Amino acid sequence: YFHSKYKSSLSRSYQENGTSAAIHYGTGAISGFFTQDHVKVGDLIVKNQIFIEATREPSIVFLVGKFDGILGLGFQEISVGNVVPVWYDMVNQGLVQEPIFSFWFNRNAEEDEGGEIVFGGVDPNHYKGNHTYVPVTRKGYWQFDMGDVLIGRHSTGICSGSCAAIADSGTSLIAGPTATVTEINHAIGATGVVSQECKVVVEQYGQTMLTMLLAEAQPKKICSQIGLC
């Protein structure tokens with residue numbers, strides 16, 4: 001997969017900024033510098049948008065990922081350098097009909113179309129009934145209060161004292177406090193990714209690790225010996 005790259009030298013609307021910037025994600029990180037230019041999203045042209053030109057991507061995630069960049073949709077409160085997010089500029093420049101953006105994720109992994117994002121509304125082809133809106137409790141991520149976790153329409157009581165949750169389109173897994181996720185996994189008969197990996201490591205290398213620990217070997221040597229680092 002060959003990535004498309006932005007080249008400021010080919011843009012007539014480019015404006016130099018040059019301020020250094022870096023972002024650490026849950027998986028991977030990038031660093032580079034800020035640039036200002038017009039940004040086209042679908043049929044919309046967002047003028048004078050500030051964004052990061054990534055010059056260093058040490059993680060293999062971005063190298064092999066079938067995407068060319070990351071479009072942040074969180075609040076400005078957590079924006080690196082307090083830069084105005086592209087979604088804010090879409091609204092401020094009157095480019096969208098409503099201050100709403102929406103996602104549809106295709107549950108059929110065999111189809112070519114993986115999903116859809118709509119800026120300025122929702123696509124009626126992908127839902128029935130009415131949406132339920134809840135207030136954002138803390139600006140940063142799209143955070144809201146969650147009163148319960150239902151499994152098979154039955155209450156688990158996991159969030160009986162109220163839980164804080166976020167709707168995060170950039171996370172491919174359901175993540176949460178270990179105790180809570182363990183309860184959910186137990187209720188649906190699933191195994192957590194990390195706990196499963198831990199079990200595999202213990203089954204394969206447990207005796208070797210124990211022997212080396214008893215011999216007071218350094219952690220780095222143990223890790224190297226079993227081929228995990």
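# Notebook: patches, strands and one disulfide

I began on the surface, where Tyr25, Phe67 and Ile70 make a nonpolar patch of about 250 Å². For my own records, a patch takes residues with over 30% relative accessible area and no salt bridge, joining nonpolar side chains (Val, Leu, Ile, Met, Phe, Trp, Tyr) within 5 Å and like charges within 9 Å. A salt bridge is a side-chain nitrogen of Lys or Arg within 4 Å of a carboxyl oxygen of Asp or Glu. The areas come from the Shrake-Rupley method with a 1.4 Å probe, and for residues only the protein chains shown count as cover.

Before going on, I noted that this is a predicted model, where local features need pLDDT of at least 70, side-chain atom pairs count only at pLDDT 80 or more, and totals for chains, interfaces and linings use all residues. Residues are numbered from 1 along each chain as its sequence is written, and side-chain values use heavy atoms, with hydrogens and water left out.

**The loop after helix 1**

I looked up Ile70 next and found isoleucine 70 in the loop between helix 1 and helix 2. Helices (H or I, at least four residues) and strands (E, at least two) are DSSP runs, numbered from the N terminus. Isoleucine 70 has 47% relative accessibility, so I wrote it down as partly exposed. The scale is: buried under 20% relative accessible area, exposed over 50%, partly exposed in between (1.4 Å probe, protein chains only).

Aspartate 68 sits in that loop too, between helix 1 (60-64) and helix 2 (86-92). It is partly exposed, with a relative accessible area of 41%. What does the side chain of aspartate 68 reach at 3.1 Å? I found the backbone nitrogen of serine 4 there. The aspartate 68 side chain also has a polar contact of 3.2 Å with the side chain of histidine 3. A polar contact is a pair of N or O atoms within 3.5 Å; within protein, one must be able to donate a hydrogen and the other to accept it, and residues adjacent in sequence count only if both atoms are side-chain atoms. I also checked lysine 5: its C-alpha atom is 7.4 Å from that of aspartate 68, though the two residues are 63 apart along the chain.

Two other residues of this loop went into my notes. Asparagine 82 is in the loop, and its phi is positive, near 55 degrees, in a residue other than glycine. Glycine 74 is there as well, and at 24% relative accessibility it counts as partly exposed. Between the C-alpha atoms of glycine 74 and valine 149, I noted 24 Å, with their positions 75 residues apart along the chain.

**A hairpin**

Strand 2 (residues 29-41) pairs with strand 3 (residues 44-56) in the antiparallel sense, over 10 bridges. Two strands pair if DSSP finds at least two bridges between them. Lysine 40 stands opposite isoleucine 45 in strand 3. The hairpin has two residues between its strands, and glycine 42 takes a positive phi near 65 degrees. In strand 3 I came across asparagine 48, which has a positive phi of about 55 degrees although it is not a glycine. Its relative accessible area is 37%, so asparagine 48 is partly exposed.

**A three-stranded sheet**

Here I found an open sheet of three strands in the order 6-7-10, with antiparallel pairing. Strand 6 (138-139) and strand 10 (163-166) are at the edges with a single partner strand each, so one side of each has no neighbour in the sheet. A reminder to myself: strands of a sheet pair through backbone hydrogen bonds, either parallel or antiparallel.

How many bridges link strand 7 (residues 142-146) and strand 10? I get four, in the antiparallel sense. Glutamine 143 has isoleucine 166 of strand 10 as its bridge partner. On strand 10, Cys163 and Ala165 make the covered face, while Ala164 and Ile166 make the uncovered one.

**The disulfide**

I searched the whole structure and got one disulfide, meaning a pair of cysteine sulfur atoms within 2.5 Å. It joins cysteine 159 to cysteine 163, S to S 2.0 Å. Is that pair buried or exposed? Cysteine 159 and cysteine 163 are both buried. The torsion about their S-S bond is about -105 degrees, so the disulfide is left-handed.

**Last stop**

Isoleucine 184 is in helix 3 (residues 178-188). At 23% relative accessibility, isoleucine 184 counts as partly exposed.
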